[in-house]
Amino acid sequence: MLRLVVRRLLQLIPTLLGLSVLLFLWLDRLPGGPASAILGEKATEAEVARINRALGLDQPVYVQYWRFLKRIFQGDLGTSVQTGQPVWDEFVLRFPATVELSLFAILIAVVVGVPLGYFAARTRGGWLDVSAVSGSLIGICIPVFFLAQILKGVFAVNLHIFPAYGRQETGINATDVTGFATLDGILTGEFDATLDALHHLVLPSIALATIPLAVIVRMTRASILEVQDEDYVRTAEAKGLKRSVIRGRHVLRNALLPVVTAVGLLTGSLLSGAVLTESVFSFGGIGSFIRTAIDGRDYPVLVGFIMFIALIYVLINLLVDLAYSLIDPRVRVH
């Protein structure tokens, strides 16, 4: 297990280096640039040249890349062109909101999706199976922003059950310790702030969980149907083992392997920024910040964000491999 962790961490270095090279080559060929975004379309060539010199964009790509690597090794992701603040500080300020939202969304998807997919497979052809398959298709087809608007309009605007925007109500914010609104209230003893943060998470989490939930339901169902017809399951039945043992140890445990992979990939995609959901509910996470950076061609933010998300994906894949070994010790990752 330790050797696997060390090997994957070492593989992280060439992966991120290769990505950074491709990223710089891509950004260098994009039309426009930060200077045009800052000065506007009517900027003169002299003004554009001045901004490019100030940002170091007049240098060759390999010089810019080398400077970027040196900043990375020093823990510096650069400075945002739009806000004038260090990119890392901007991430630290906004990323906890996206993490909270993503984790609650994937938690809903797993807690609901795995049992639903399991029982759908158990009752294949029944009303539960048909309902689960039909519901998962609808969940995949409905755009997230459309569902978010419906949830917001019904439960926030009309029924006033949940808040329509933000992470917490003004005036009851917990003392900022970690940046996670739900956790800070617990750490500081301000439990009303934690309850309020959870209240604000309900609607955006449900909206964001829709597609992952649909994927997990369908994958769990398909995996259960495949595993329950395996020879080792029939052998366990022939030996007279209890149904609960067969379903738990032999069927569900083996069927969870592809589901774990899907959960890992879905979690990484959610953490990369739930732009639409955060925009509808004004959640203040990394998604809306990245959208602004794309519109303003804020290259330092884009480069830092993509590299940061690549790191997260690699670490999530490492956790998936570890989960494989825990679920099924026969699995060996080489």
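**Figure 1. Surface and overall build of the chain.** The chain exposes about 18,200 Å², and carbon and sulfur atoms supply 65% of that area. Keep in mind throughout that this is a predicted model. Of the chain's 334 residues, 42% count as buried. The C-alpha trace spans about 85 × 55 × 40 Å along its principal axes. As for secondary structure, there are 14 helices and zero strands, giving the pattern α-α-α-α-α-α-α-α-α-α-α-α-α-α when read along the sequence. Take the contacts in the chain with a separation of 6 or more: 74% of them come from residues 24 or more positions apart. On the charge side, we have 28 positive and 26 negative side chains, with the centres of the two sets 10 Å apart.

**Figure 2. A nonpolar patch on the surface.** Eight names to look for here: Phe145, Phe146, Ile150, Val154, Phe155, Leu159, Ile161 and Leu276 make up a nonpolar patch. Together they offer about 690 Å² of accessible area. Which helix gives the most to the patch? That would be H7, with five residues. Leu276 belongs to helix H12 and is partly exposed, because its relative accessibility is 46% and the partly exposed class runs between 20% and 50%.

**Figure 3. Arg94 and Glu90, a salt bridge inside one helix.** The count of salt bridges comes to three, and this view shows one of them, where the side chains of Arg94 and Glu90 meet at 2.1 Å, N to O. Both residues sit in helix H5, and because they are four residues apart, about one helical turn separates them. The two partners differ in cover: Arg94 is partly exposed at 21% relative accessible area, whereas Glu90 is buried at 5%.

**Figure 4. Arg167 and Glu100, a salt bridge from loop to helix.** Here the side chains of Arg167 and Glu100 meet at 2.7 Å, N to O. Arg167 lies in the loop between H7 and H8 while Glu100 is in helix H5, so this pair ties together parts that are 67 residues apart in sequence. Are these partners buried or exposed? Arg167 is buried, and Glu100 is too.

**Figure 5. Asp129 and Arg221, a salt bridge from helix to helix.** The side chains of Asp129 and Arg221 come together in a salt bridge at 2.5 Å, N to O. Distant parts of the chain get linked this way: Asp129 is in helix H6 (residues 127–141) and Arg221 in helix H9 (residues 191–227), 92 residues apart. Asp129 counts as buried, since its relative accessibility is 4% and the cut-off is under 20%.

**Figure 6. Ile306 meets residues from far back in the sequence.** Ile306 is placed in helix H14 (residues 299–327). Which residues does Ile306 contact once its neighbours within four places in sequence are left aside? The partners are Leu19, Leu23 and Trp26. For Leu19, the C-alpha atom is separated from that of Ile306 by 8.9 Å, although the two residues are 287 residues apart along the chain. Ile306 is still partly exposed, with a relative accessible area of 26%.

**Figure 7. Ser80, a buried loop residue.** Look for Ser80 in the loop between helix H4 (61–73) and helix H5 (87–122). It may be in a loop, but Ser80 counts as buried, because its relative accessibility is 3% and anything under 20% falls in that class. Leaving out neighbours within four places in sequence, Ser80 is in contact with Gln85, Val87, Asp298 and Val301.

**Figure 8. His160 and Ser282, two residues with positive phi.** Most residues other than glycine have a negative phi. His160 goes the other way, with a positive phi near 55 degrees. This residue is in the loop between helix H7 (144–158) and helix H8 (181–188). With 62% relative accessibility, His160 counts as exposed. Ser282 also has a positive phi, near 50 degrees. What is the place of Ser282? Ser282 is in the loop between helix H12 (275–280) and helix H13 (286–295), and its relative accessible area of 46% makes it partly exposed.

Methods: Residues numbered from 1 in each chain as written. Predicted model: local features only at pLDDT ≥ 70, side-chain atom pairs only at ≥ 80, totals over all residues. Heavy atoms only, no water. Buried < 20%, exposed > 50% of the residue type's maximum accessible area, 1.4 Å probe, protein only. Contact = heavy atoms within 4.5 Å. Areas by Shrake-Rupley, 256 points an atom, 1.4 Å probe, with all protein chains shown as cover. Lys, Arg positive; Asp, Glu negative; His and termini not counted. Charge placed at Lys NZ, Arg CZ, Asp CG, Glu CD. Patch = residues over 30% accessible without salt bridge, like charges linked within 9 Å, V, L, I, M, F, W, Y side chains within 5 Å. Salt bridge = Lys/Arg side-chain N within 4 Å of Asp/Glu carboxyl O.
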